Amino acid sequence: VTVSMVVSTCGMFVASLTADSYLAAGMADEGLVPEWFRSRNARGTPVRAIVTRALIITVCSLLDFKQLLEGQAMLHGLRMIMELAAFVYLRAPSRFGSDIWSLPSSAAVDCVRGDIGN
């Protein structure tokens, strides 16, 4: 049972690593990350993205738990700041008039009734 659990966990790790690497390669195709990640081998596997992801995981495994938590909290805070900045930018007064925080009355009513998307 223990051996099968270890093999299953390793398989899940490799699947996650590969999926994330294809994500990085796809983002490079769209120009969202450096062009270096776009490179693929003869079978279409993004080897550079896989190796980079594996190196990041190796470095993170060398950190202690407190450092990982601190890094995660810092990245979460940065993400929240970026999300707020994007919200404010997209709701800029020049695009929506002077009242940038208001919703159309029908949207507010739909939110209260729970009819969003219907």
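These legends go with close-up views of salt bridges and one buried serine in a predicted model.

Local features here need pLDDT of at least 70, side-chain atom pairs count only at pLDDT 80 or more, and totals for chains, interfaces and linings use all residues. Residues are numbered from 1 along each chain as its sequence is written, and side-chain values use heavy atoms, with hydrogens and water left out.

**View 1. Asp20 and Arg53 join helix H1 to helix H2.** A search of the whole structure turns up 5 salt bridges, a salt bridge being a side-chain nitrogen of Lys or Arg within 4 Å of a carboxyl oxygen of Asp or Glu. In this one, the closest N and O atoms of Asp20 and Arg53 sit 2.5 Å apart. The pair links distant parts of the chain, with Asp20 in H1 (residues 2-29) and Arg53 in H2 (residues 47-62), 33 residues apart. Helices are DSSP runs (H or I, at least four residues), numbered from the N terminus. Asp20 is partly exposed at 29% relative accessible area, and Arg53 is partly exposed with 29% as well. For these labels, buried is under 20% relative accessible area, exposed is over 50%, and partly exposed is in between (1.4 Å probe, protein chains only).

**View 2. Ser21 is tucked away as a buried residue of the model.** Ser21 belongs to helix H1, and its relative accessible area is just 1%. Leaving aside residues up to four places away in sequence, Ser21 touches Pro46, Ala49, Ile50 and Arg53. Contact here means heavy atoms within 4.5 Å. Arg53 turns up again, as the salt-bridge partner of Asp20.

**View 3. Asp29 and Arg40 pair up across the end of a helix and a loop.** Their side chains meet in a salt bridge, 3.3 Å from N to O. Asp29 lies in helix H1 and Arg40 in the loop between H1 and H2, so this pair ties together parts that are 11 residues apart in sequence. Asp29 has a relative accessible area of 35% and is partly exposed; Arg40, at 35% too, also counts as partly exposed. There's a wider picture here: Asp29, Glu35, Arg38 and Arg40 are linked in a network of salt bridges.

**View 4. Arg79 and Glu83 form a salt bridge within helix H3.** The N to O distance is 3.5 Å for this pair. Arg79 and Glu83 are 4 residues apart in H3 (residues 65-90), so about one helical turn separates them. Both side chains belong to partly exposed residues, with Arg79 at 43% relative accessible area and Glu83 at 45%.

Terms used. Helix = DSSP H or I, 4+ residues; strand = E, 2+ residues; numbered from the N terminus.
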